[in-house]
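The following note sets out several points on the structure for the attention of a colleague. It takes up an aromatic pair, a threonine site, a surface patch and the overall composition.

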Amino acid sequence: MFSRHLPWFVPLKRVIPFVHEAVFKVSGGRLGTMLAGHKMLLLTTNGRRSGKRWTVPLLYMDDGDRYLVIGSNWGGEKDPLWVANVAANPSVHIRVGRR
């Protein structure tokens, strides 16, 4: 887990997704589609309590016509919040590149 071994990383892991999403959206999906050689998408869910729309950038793999994502929470012990949102409301929106 990053935060246990790199305490300076804790504030960064909260900022990185917002910056990544902004770059992805501002560039129209031309930038932010790759991270360290891995493909990225934007996943938008509805908050299970608030109903508010939340968007997170995630690494993904193709599986035929499906996209596979993993809720790792930066290697943490708890699932990221988007996992509970998807479990409560599996209707999500994804943006892959320019589509």
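1. Tyr60 has a relative accessible area of 9% and is therefore classed as buried, since the cut-off for that class is under 20%. It should be kept in mind throughout that the model is predicted.

2. Tyr67 reaches a relative accessible area of 28% and so counts as partly exposed. This class covers values between the limit for buried, under 20%, and the limit for exposed, over 50%.

3. How many aromatic pairs does the ring-centre rule give? The count comes to 1 aromatic pair. Tyr60 and Tyr67 form this pair, with 5.3 Å from centre to centre and 75° between the planes. The geometry is edge-to-face, because an angle over 60 degrees falls in that category. The pair thus joins a buried ring residue, Tyr60, to a partly exposed one, Tyr67.

4. Thr55 belongs to strand E3, which spans residues 53-59. Is Thr55 buried or exposed? Its relative accessible area is 18%, so Thr55 is buried.

5. The side chain of Thr55 makes a polar contact of 2.8 Å with the side chain of Thr44. When neighbours within four places in sequence are set aside, the contacts of Thr55 are Glu21, Lys25, Leu42, Leu43 and Thr44. Thr44 therefore appears both in this contact list and as the polar partner of Thr55, a contact being defined by heavy atoms within 4.5 Å.

6. On the surface, a nonpolar patch is formed by Val19, Val23 and Leu31. Together these residues present about 250 Å² of accessible area. Val19 is located in helix H2, which covers residues 9-26. With 45% relative accessibility, Val19 counts as partly exposed; this value also meets the requirement of over 30% for patch membership.

7. As to secondary structure, the protein has 3 helices and 6 strands. Read from the N terminus, the order of the elements is α-α-β-β-β-β-β-α-β.

8. The protein has 99 residues, of which 24% count as buried; Thr55 and Tyr60 are among the buried residues. The exposed area of the protein is about 7100 Å², and carbon and sulfur atoms supply 61% of this area.

9. Among contacts with a sequence separation of 6 or more, 48% are between residues 24 or more positions apart.

How values were computed. Residues are numbered from 1 along each chain as its sequence is written. This is a predicted model: local features need pLDDT of at least 70, side-chain atom pairs count only at pLDDT 80 or more; totals for chains, interfaces and linings use all residues. Side-chain values use heavy atoms; hydrogens and water are left out. Patches are made of residues with over 30% relative accessible area and no salt bridge: like charges are joined within 9 Å, nonpolar side chains (Val, Leu, Ile, Met, Phe, Trp, Tyr) within 5 Å. Accessible areas come from the Shrake-Rupley method with a 1.4 Å probe; for residues, only the protein chains shown count as cover. A salt bridge is a side-chain nitrogen of Lys or Arg within 4 Å of a carboxyl oxygen of Asp or Glu. Helices (H or I, at least four residues) and strands (E, at least two) are DSSP runs, numbered from the N terminus. Buried means under 20% relative accessible area, exposed over 50%, partly exposed in between (1.4 Å probe, protein chains only). A polar contact is a pair of N or O atoms within 3.5 Å; within protein, one must be able to donate a hydrogen and the other to accept it, and residues adjacent in sequence count only if both atoms are side-chain atoms. Rings of Phe, Tyr and Trp (its six-membered ring) pair if their centres lie within 6.5 Å; planes under 30 degrees apart count as stacked, over 60 as edge-to-face and the rest as tilted.
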